[in-house]
Amino acid sequence: MSATSRLVAAVRDLGKGKIDTTQKTIAMYEAAMGDAIRSNLPVTRDIAYGAHEQQLLDVYALPDRDRAAGTKPVVVFFHQGGFVAGGKGALETVVVGKFFSHRGVVCVLANYRLAPEGAWPAAAEDVAAASGW
C-alpha cells in the first residue's frame, strides 16, 4: 500500500464512529423550537456592510408591536468555517437566526471575506464592520 493510500485510509478512519455534530445540533434546536425552526420568518437578506461581494448580512426579526422601534436586543452571529469556508445561508447558521428571532431578539447573520482571497486580517476587519453596522 502506498503512502498516499495509507493517508487516505487514515483520514477515512478518523470519521468512523464519530457523532455528526451538525445534525445533532439541528435536532436539538428542532426539539426546543418545534415548528418555529421550519417556519418562514421575515428575513431581510443580503444587506451590504462593505464594498466586497462577500460582505453581506441577513437580518432575522419578528415584528414586535409591544416595543418601541429600535429597542430590541441584537445578536450578531458569524458562521463557522475557519475563515476559509461556510456562509450565512448554511442550515446550522440559519437555525441560530430563527432561534433568536422567535425569542424577540434581532439576529444578524453575517458573511465575511474568506481566505485565501480575504487574507488576514480581512475576516477580523469584517467582524468589526458587520458588528458596527
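In this predicted model, T93 touches F77, H79, G87, K88 and L109, once residues up to four places away in sequence are set aside. T93 is found in helix α3, which spans residues 91-101, and its relative accessible area is 3%. Because buried stands for a relative accessible area under 20%, T93 counts as buried with that value of 3%.

Several of the residues touched by T93, among them F77, H79 and K88, also appear in the contact list of A110, which comprises L56, L57, F77, F78, H79, K88 and A130 when neighbours within four places in sequence are left aside. A110 lies in strand β4 and is buried, with a relative accessible area of 0%. As for F77, its C-alpha is 6.5 Å from that of A110, although the two residues are 33 apart in sequence.

The two buried residues can be set side by side as follows.

| Residue | Element | Relative accessible area |
|---|---|---|
| T93 | helix α3 | 3% |
| A110 | strand β4 | 0% |

**Strand pairing around β2**

Strand β2 pairs with β4 (residues 106-110) in the antiparallel sense over 4 bridges, and within this pairing A110 of β4 is the bridge partner of L57. Strand β1, residues 43-48, is likewise joined to β2 by 4 bridges, and these two strands run antiparallel; here the bridge partner of I47 is L57. L57 is thus a bridge partner of I47 and also of A110. Of the 5 residues of β2 (residues 56-60), 4 are buried, so the strand is largely enclosed by the rest of the structure.

**Helix α4 against the strands**

In helix α4, which covers residues 122-132, the residues A122, A123, D126 and A130 are buried. Seen down the helix axis, the buried residues of α4 fall within an arc of 90 degrees, so they line one face of the helix. In an α-helix there are 3.6 residues a turn, so residues three or four places apart point the same way. The exposed residues A128 and G132 are carried on the face of α4 turned away from its buried side.

Which strands do the buried residues of α4 pack against? They pack against β2, β3 (74-78) and β4. A130, one of the buried residues of this helix, is in contact with A110, the residue of β4 that is bridged to L57 in β2.

Conventions: Residues are numbered from 1 along each chain as its sequence is written. This is a predicted model: local features need pLDDT of at least 70, side-chain atom pairs count only at pLDDT 80 or more; totals for chains, interfaces and linings use all residues. Side-chain values use heavy atoms; hydrogens and water are left out. Buried means under 20% relative accessible area, exposed over 50%, partly exposed in between (1.4 Å probe, protein chains only). Two strands pair if DSSP finds at least two bridges between them. Contact means heavy atoms within 4.5 Å. The arc is that of the directions from the helix axis to the C-beta atoms.
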